[in-house]
Amino acid sequence: MPVKSLLMPVMAGLPAAAAEEALYIRPLAGGVAQVAMSRDHVAVLRSDGTVAATGNNEWGQCDVDRWTGIVKIWAADGVTLGLTEKGELFNTAGTMGGWKNIVDVAAAPVSSASMTVVVGLKADGSAVSMGVNARGLVPLNKDVCNVAGWTDVVQVLVYDGVYGLKADGTVLEAGFPGAEPCEISVSQWSGVQQLVKSDYGVFGLTQEGSVLAQSSGYGCESWENVVRIIPGSLNSVCGLTADGRLLTGGEVTADCGGMTNLVDAAVGVSRVVGLKDDGTVVFSPEPQGMSKAERNRWSNIKELVFDPGFSVVAALGYDGSVIGASLETLEPFDGCDGWTKMARLYCEGGLWLGLKKDGTFVSNDPSLDLGRLTAGVVNTRPKEEKMDLIAAGLHHSL
């Protein structure tokens, strides 16, 4: 399926040439359609298909001002990537002429190789890979993250190497020579429907709702009915079940048996914060000495955002207010606590970013030039935007 049909809204009444010139992507707020972050830079896709970035530009990762026709972006250490509606990939580290028909991308720094590895998933289920360092693009030889010959892949992931999930539920891996093998090889896995990574390894969610891990120390082999894997801080992980319960594994010591009707959670070692389907927040263990006023702040919550590396959790309320706190102590986190009028909240490696309802940004990093992220956005919204098709079922409409 063409990338445009996956990512772009139809612009009724415009000829093909005009549609290309007047690219429009439905924004989240203001002119912002997507946000991508690394630990020290931020990239924004705007509704007119242009991209802006701010932050560390040591490797040229913010040099995106001339990009146009972009429909999706990614950011990782030292690199920003942009996918065009034709399936071509833009890369701030250099030209990737052979990367065509791309439908998805994964990128992450690999410390053992002193580079960021980028892998692209093609529409035909094959994959391509490349390295990025301070000198630019780094071609990977046949012994390093070699994905040549991969077929029928539906998901790619980068951790300490490249992982590929095949349509039949098996998993492929391409790593670095001499890398220490994990206790359990992913090549033994089967029936996987999704790959998830944490700071300490890769997990597989099976079609039956069980969880596979690269180490037996997580104790998740017997889990059942899991619909989502939630990685936590340090060697901790939880499984969210279809009926809203949490199954805990690894180093988690908090007792989550009394938590019910959950839709999300932030997982630490000695404390877990859970978000219920009615917008209330529950804690395990319950905080001691928290005032009623402070407890009331943790209500009417839309989503939780968790930074496992720094063990910080933030709650975004339906009214746009933000509560930020240390997960273990629940002491306020000055980086985002008290923000208001937020539409979305993001974090990566200690960097926090808030997209306000008016389309502007706030951050805990004063060095970021946030104004350039939204400056000069062209309003290409169709004058008469219409839905092409409406479908309805007994309990929902689309």
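Colleague: Let's start in the strands. Which residue in strand 3 is the bridge partner of Val42?

Modeller: Thr54 is the bridge partner of Val42 in strand 3. Keep in mind that this is a predicted model. On the strand 1 side, Val42 is the bridge partner of Met37.

Colleague: How do you know that strand 2 and strand 3 (residues 51-55) count as paired?

Modeller: Pairing takes at least two bridges between two strands. Strand 2 and strand 3 are joined by 5 bridges and run antiparallel, so they pass that cut-off.

Colleague: And what makes strand 1 and strand 2 a pair?

Modeller: Here too the rule asks for at least two bridges. Strand 1 and strand 2 have 5 bridges, in the antiparallel sense, so they count as a pair.

Colleague: What holds paired strands together in general?

Modeller: Strands of a sheet pair through backbone hydrogen bonds, either parallel or antiparallel.

Colleague: How many residues sit between the strands in each hairpin?

Modeller: Strand 1 and strand 2 form a hairpin with 3 residues between them. In the hairpin of strand 2 and strand 3 there are 4 residues between the strands. The turn of that second hairpin holds Gly49, with a positive phi of about 85°.

Colleague: Why is strand 2 called mostly covered?

Modeller: Of its 6 residues, 6 are buried, and buried means under 20% relative accessible area. Both faces are covered. On one side are His41, Ala43 and Leu45, on the other Val42, Val44 and Arg46, all buried.

Colleague: Now the charged pairs. Why is the contact between Arg39 and Asp77 called a salt bridge?

Modeller: The cut-off is 4 Å between a side-chain nitrogen of Lys or Arg and a carboxyl oxygen of Asp or Glu. Arg39 and Asp77 meet at 2.0 Å, N to O, so the pair qualifies. The two residues lie in distant parts of the chain, 38 residues apart. Arg39 is in the loop between strand 1 (32-37) and strand 2 (41-46), and Asp77 in the loop between strand 4 (70-76) and strand 5 (79-84).

Colleague: Which of Arg39 and Asp77 is buried, and which is partly exposed?

Modeller: Asp77 has 16% relative accessibility, and the limit for buried is under 20%, so Asp77 counts as buried. Arg39 comes out at 48%, and exposed would need over 50%, so Arg39 is partly exposed.

Colleague: What makes Lys72 and Asp104 a salt bridge?

Modeller: Their closest N and O atoms are 3.9 Å apart, and the rule says within 4 Å, so the pair is counted. This bridge also links distant parts of the chain: Lys72 in strand 4 and Asp104 in strand 7 (residues 102-110), 32 residues apart. Both partners are partly exposed, Lys72 at 26% and Asp104 at 24%.

Colleague: How do you know that Asp243 and Arg245 form a salt bridge, and are they buried or exposed?

Modeller: The N to O distance is 3.0 Å, and the limit is 4 Å, so Asp243 and Arg245 qualify. As for burial, Asp243 has 41% relative accessibility and Arg245 has 35%. Partly exposed is the range between 20% and 50%, so each of the two gets that label.

Colleague: How many salt bridges does the structure hold, and which residues are linked in a network?

Modeller: The structure holds 8 salt bridges. Glu294, Arg297 and Asp337 are linked in a network. Glu294, Arg297 and Asp337 also appear among the residues lining the second largest cavity.

Colleague: What makes that space a cavity?

Modeller: It is a cavity because a 1.4 Å probe fits there but cannot get out. The count is 2 cavities of 30 Å³ or more, and the second largest has about 30 Å³ of space. Its lining also includes Trp298, Ile323, Gly324 and Ala325. By class, the lining has 5 nonpolar, 1 polar and 3 charged residues.

Colleague: Which element gives the largest share of that lining?

Modeller: Strand 25 does, with 3 residues. Helix 3 (292-297) and strand 25 (322-326) each supply at least two.

Colleague: Last one: why are strand 26 (342-348) and strand 28 (361-363) called edge strands?

Modeller: The open sheet has 3 strands in the order 26-27-28, with antiparallel pairing. Strand 26 and strand 28 each pair on one side only. The twist averages 20° from one strand to the next. Strand 27 (residues 351-356) pairs with strand 28 over 3 bridges, and Leu355 stands opposite Phe361 in strand 28.

Methods. Residues are numbered from 1 along each chain as its sequence is written. This is a predicted model: local features need pLDDT of at least 70, side-chain atom pairs count only at pLDDT 80 or more; totals for chains, interfaces and linings use all residues. Side-chain values use heavy atoms; hydrogens and water are left out. Buried means under 20% relative accessible area, exposed over 50%, partly exposed in between (1.4 Å probe, protein chains only). On a 1 Å grid over the protein atoms alone, a cavity is a set of points where a 1.4 Å probe fits but cannot get out, and a pocket is an open set with protein on both sides within 12 Å along at least five of seven lines; lining residues have an atom within 4 Å of a point. Grid points are joined across faces, edges and corners, and a volume is the space filled by probe spheres set on the points. Ala, Val, Leu, Ile, Met, Phe, Trp, Tyr, Cys and Pro count as nonpolar, Asp, Glu, Lys and Arg as charged, and the others, Gly among them, as polar. Axes are lines fitted to C-alpha atoms, for helices over the stretch in contact, and angles run from 0 to 180 degrees between N-to-C directions.
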